[in-house]
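Colleague: Before I use this model at the bench, I would like to go through the terms attached to it and hear what stands behind each of them.

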Amino acid sequence: MYISTRGAAHKLTAAQAITQGIAPDGGLFVPETIPAIDNEALAGFVQLGYQERAVAILRLFLDDYSEKELQNCVAGAYNAEKFSNGAIAPITKVADNLFALELWHGPTSAFKDMALQLLPRLMSCALKKNGESNEIVILVATSGDTGKAALEGFKDVDQTNVMVFYPEDGVSRIQRLQMITQEGSNLKVIAVKGNFDDAQTGVKRIFNDKALAIEIARNNFKFSSANSINWGRLVPQIIYYFSAYADLVKNKDITMGAAVNFVVPTGNFGNILAGYYAKRMGLPINKLICASNSNNVLTDFLTTGIYDRKRQFYKTYSPSMDILISSNLERLLYHISDNSAAAVNQWMSELNNMGEYRVDEKHLQAIKEIFPAGYVTDEDTAATISRVFKEHGYALDPHTAVAWQVAETYRLRSGDQTPTIIVSTASPFKFNETVLSALNQTESANITDEFAALRHLAKLINRPVPTALAELEQKTVRHTAVCNKQDMPEVVKQALQTK
Ligand SMILES: N[C@@H](CCOP(=O)(O)O)C(=O)O
């Protein structure tokens, strides 16, 4: 069963928690108990493919779904039509004891596909199970990747409508193009005059607006989320931690039972939190290293215990991580405080009212034990892209470059030589401008526009341009709406009235 981190909501089944998205008390749903995986089951993963590994993890959390339902959802999500690499989430050895877990072979070239190809299927199944007759209105705040992946995953899915809010000037050119050209009869994309935090706060306000919920219910609509605040977004992300481990054993890079580190570039703390659940379940993870850009609110929190969002917001080369309010930290705080909803309420109310909170020394030590952290400036991000390409012939996107640099700094500082997996969250093509400039390629006469840039990068790094990105050149722009952050509720209301 699923309970809220704030303690005041009813217990729900997984299907109910997935449909609701966020708890009515403003908290996030978490599993009442975290299931364990024994060594034998883990050893069994080595011979399994990604789909079977996925079902094995999902059945532990989604125990109200039948085996057949899970198999169907997984088969529809992770297949050769959707993913350009047969392994789905392949792992590449880039240097000694250093591996990249490539999560960007899906339809939108970012790790969000790993969850957002599955969530719509879990959601549709949940709607049937719950006998839900309302249309679900999925509100999404995005700093670039979640939005496109949600649009692609939910496009034309029955009984669902998606509204994506992105920061007008806060995403890469390709990310923007991907969203504004999106086809599908149930989708809306709106640029917000503000940053990602404004969009996310706006969406959360709408979720907590009881009067609005009643108003839309009259027309048979109900809100939900496709951000990682929804448990159905988070649980699929646990799978790839197990899968990566099993692949390292299979390739004889480690022996079964050996510890590994993961380095995760993260802004909303969802990706790294999925790794935390994997660790709690029994996956031999030594450290989960949290990598940030100059919006280093997480680095500061994980090293000092003070979460202070009252700071300058930077637009960086890694825009998907340009975030100062990390939603999923709430789930970590709940687990670290031995499931204390009272403590979480206190911290979250301080964050809302004062813009900061501080955890005590005991909690800080528990957090530090698992989560070393570091951050990287844009200058160093570009230098890392360049250096890694020169030394290893491997092209990193800026988010993965942040993780790479944090991994190297951590190794030097700590002397920890545990085999390390860098969670590679996006294809370099999605951020071609930054990557080409880091590789000193922007002067080339051939680079006349975005698509020439994609082709130039393809030649340079010897990889094909992902088909869906190349096809953007022929697409029509369909979404041009822009709104002020305070007008988001009105935009939602109007969109639902015209349906
Ligand atoms: N980095 C994200 C921001 C939203 O995070 P999510 O994991 O909660 O969906 C993005 O690219 O949109």
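**Reasoning behind the terms**

Modeller: This is a predicted model, and the ligand is a good place to begin: 13 residues surround it, the closest being Thr142, Asp145, Thr146, Asn227 and Ser228.

Colleague: What makes a residue count as part of the shell around the ligand, and which helix gives the most to that shell?

Modeller: A residue is taken as near the ligand if its C-beta atom, placed from the backbone, lies within 6 Å of it. Helix H7 (residues 145–154) gives the most, with 3 residues, and by class the shell holds no nonpolar, 12 polar and 1 charged residues.

Colleague: Why is the ligand shell said to lie between two domains?

Modeller: The protein chain is divided into domain 1 (2–33 + 113–231 + 478–497) and domain 2 (87–108 + 236–424). Both domains give residues to the shell around the ligand, so the shell lies between them.

Colleague: How do you know that domain 1 and domain 2 touch, and how many residues are in contact?

Modeller: Contact requires C-beta atoms within 7 Å, and on that basis 28 residues of domain 1 are in contact with 27 residues of domain 2. On the side of domain 1 that touches domain 2, the elements giving two or more residues are H5, H7 and helix H9 (196–208), while the residues of that side divide into 10 nonpolar, 12 polar and 6 charged. The C-alpha centres of the two domains lie 24 Å apart.

Colleague: Why is Ile88 called buried, and what is notable about its phi?

Modeller: The cut-off for buried is 20 or more other C-beta atoms within 10 Å, and Ile88 has 27 such neighbours, so Ile88 counts as buried. Its phi is near 70°, a positive value in a residue other than glycine, and Ile88 is placed in the loop between helix H4 (67–77) and strand S3 (91–95).

Colleague: What makes Ser109 buried or exposed?

Modeller: Ser109 has 29 C-beta neighbours inside 10 Å, and because the cut-off is 20 or more, Ser109 counts as buried. Ser109, found in the loop between strand S4 (98–102) and helix H5 (113–116), also has a positive phi, of about 65°, although it is not a glycine.

Colleague: Which residues touch the most other members of the largest nonpolar core, and why is that core placed between the domains?

Modeller: Of its 164 residues, Leu101, Phe165 and Ile422 touch the most other members. Helix H11 (residues 231–250) supplies the largest share, 12 residues, and since domain 1 and domain 2 both give residues to this core, it lies between them.

Note on methods:
Residues numbered from 1 in each chain as written. Predicted model: local features only at pLDDT ≥ 70, side-chain atom pairs only at ≥ 80, totals over all residues. Helix = DSSP H or I, 4+ residues; strand = E, 2+ residues; numbered from the N terminus. Buried ≥ 20, exposed ≤ 12 C-beta atoms within 10 Å, placed from the backbone. Nonpolar A, V, L, I, M, F, W, Y, C, P; charged D, E, K, R; others polar. Domains from an automatic or database assignment. Core = buried A, V, L, I, M, F, W, Y, C linked by C-beta atoms within 7 Å. Contact = placed C-beta atoms within 7 Å.
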